[in-house]
Every structure is written in C-alpha cells, then in structure tokens.
Amino acid sequence: MPVVEAKDLLDRKLDVCFTHGDVNGNGFLEAADSLALAARVATYLGEPMGSHKTQKLFQAFENFWKHVTIKMDTDNDGKISPEEWRKGLRKAFAEDPDGYKKGFHPVAEAIFSICDRDDDGSLGQSEFAKFHAAFGCTSANSQLAFEHLDADGDGTLTVEELLNAWHEYYTSNDPNARGNWLYGDPSDKTVAVGKPTR
Ligand SMILES: [Ca+2]
Ligand SMILES: [Ca+2]
Ligand SMILES: [Ca+2]
C-alpha cells in the first residue's frame, strides 16, 4: 500500500490536480488555465477545435470554473491559490455530492467522450494515454492508472469505471479507493504536487 505522509491523501490528490491545472505555472489557477487545459485535451486527442465534442468540453470546463470559483475564491481576486483550491474543492465536491454532480460530472463526461476516439463507449489504453499526456502525466503513471482503473480487467475502461474513478479521486480519503490511481501512483514523489502554500 502506498504510504501517505503528514498531509492527508485527499489534499495530496487535490494538489496534484492543482499542478495539472496551473498550465502557465504562475502558482495560481485562473479562468485562462481552465480553458488552456481544455484546449490541451482537445489537441492531444486530435479533436478539431470547432467540433461538437470540443465545444462540449469547453462548456464543461467553463461551467466547472464558474461553479468552483464561487466556492473557492474567498479573497475574490479572480484567481485560486493552492490553499483556496484545497479548502474550496473539498467544500465544492467532497462535502457536497450535488455540487460534484453539477460542477464536475459534466467535465468527466466531456473528457470521456473526447477520449473515446472510435465512439465505442469505452477507452483503450492508447486513448487514455493521450488524455494523461495532455495533463502532463508520465507514460509509466498512465499505464499504472489504466491497470488499476480497469476494474474488470478486460483491457478497456467503460464510462462507468472512469466516472467512478473521478468521483473517488476528488472526494475520497480512502487509501484503498481505486480512483486514487487516476493519474498514476498516488504515492509517487515524481507526480507533480502543488506549490507550497505560504
Ligand atoms: Ca483568490
Ligand atoms: Ca473507444
Ligand atoms: Ca474494463
């Protein structure tokens, strides 16, 4: 079992995703980061910018951003610090199941749909790897993630397997949750973690 240190597991996972989101690396999340991440996903997956799937993805990221900033941006400066992110994302999702449904579920669905290149309702490993590449994950971690999330071991991820993983990743502190592996080994020190809070 991965040993998780002082900071709790959910905080650590939220920090990892802060780093994914901070596309310009300035230590804050802003609306522009969220849209840049959506654009990276579409580009890595080879989905044209004007397509229906890409539009849905942008809409979902925009909706996500609106939803989370209301809860997070406590000093109202239009950007999210790592500390605002940690506290706010817990409030927005882990402590508010309905908030998760409204704020994150559409993002998860839009990402799944854009990753599913052949529209067969499931993701092969190469489809999933492109999503991970867009988020800056190593291919070793991408492979680990795939192996752990493929609950029935049939070599593909169904929308259900992936939506469960997302939900666990963003809301659960359970060290045995399969979804902890969404971006690779949750105890891997080389997995980018958020910049320290001051
Ligand atoms: Ca702020
Ligand atoms: Ca597919
Ligand atoms: Ca499967």
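Trainee: Why is Asp-116 called buried?

Mentor: Its relative accessible area is 4%, and buried means under 20%, exposed over 50% and partly exposed in between, with a 1.4 Å probe and protein chains only. So Asp-116 counts as buried. Before we go on, this is a predicted model, where local features need pLDDT of at least 70, side-chain atom pairs count only at pLDDT 80 or more, and totals for chains, interfaces and linings use all residues. Residues are numbered from 1 along each chain as its sequence is written, chains are lettered from A and ligands numbered from 1 in the order written, and side-chain values use heavy atoms, without hydrogens and water.

Trainee: What makes Asp-120 partly exposed?

Mentor: At 48%, Asp-120 falls in the middle class, so it is called partly exposed.

Trainee: And how do you know whether Asp-150 and Asp-152 are buried or exposed?

Mentor: Asp-150, at 7%, is buried, whereas Asp-152, at 51%, is exposed.

Trainee: Which protein atoms are donors of the calcium ion (ligand 2)?

Mentor: Asp-116, Asp-118 and Asp-120 give OD atoms, Ser-122 gives its O, and Glu-127 appears twice through OE, with distances of 2.2 to 3.0 Å. Donors are N, O and S atoms within 2.8 Å of the metal, or 3.2 Å for Na, K and Ca; water is not among the atoms, so sites may look incomplete. Along the sequence, the spacing reads D-x1-D-x1-D-x1-S-x4-E.

Trainee: Why is the arrangement around the calcium ion (ligand 2) irregular?

Mentor: Six donors count as octahedral if opposite donors are over 155 degrees apart and all others between 65 and 115; anything else with six donors is irregular. Here the angles run from 44 to 159°, so the arrangement is irregular.

Trainee: What makes the arrangement around the calcium ion (ligand 3) irregular?

Mentor: Its six donor atoms subtend angles of 49 to 156°, and that makes this arrangement irregular. The donors are Asp-150, Asp-152 and Asp-154 (OD), Thr-156 (O) and Glu-161 (OE, listed twice), at 2.2 to 2.7 Å, spaced D-x1-D-x1-D-x1-T-x4-E.

Trainee: How many cavities of 30 Å³ or more are there?

Mentor: Three. On a 1 Å grid over the protein atoms alone, a cavity is a set of points where a 1.4 Å probe fits but cannot get out, and lining residues have an atom within 4 Å of a point. The largest has a volume of about 220 Å³, the space filled by probe spheres set on the points. Among its 19 lining residues, Cys-17, Leu-37, Phe-61, Phe-64 and Trp-85 are the closest to its centre.

Key: On a 1 Å grid over the protein atoms alone, a cavity is a set of points where a 1.4 Å probe fits but cannot get out, and a pocket is an open set with protein on both sides within 12 Å along at least five of seven lines; lining residues have an atom within 4 Å of a point. Four donors count as tetrahedral if all angles lie between 85 and 135 degrees; four count as square planar and six as octahedral if opposite donors are over 155 degrees apart and all others between 65 and 115; anything else is irregular.
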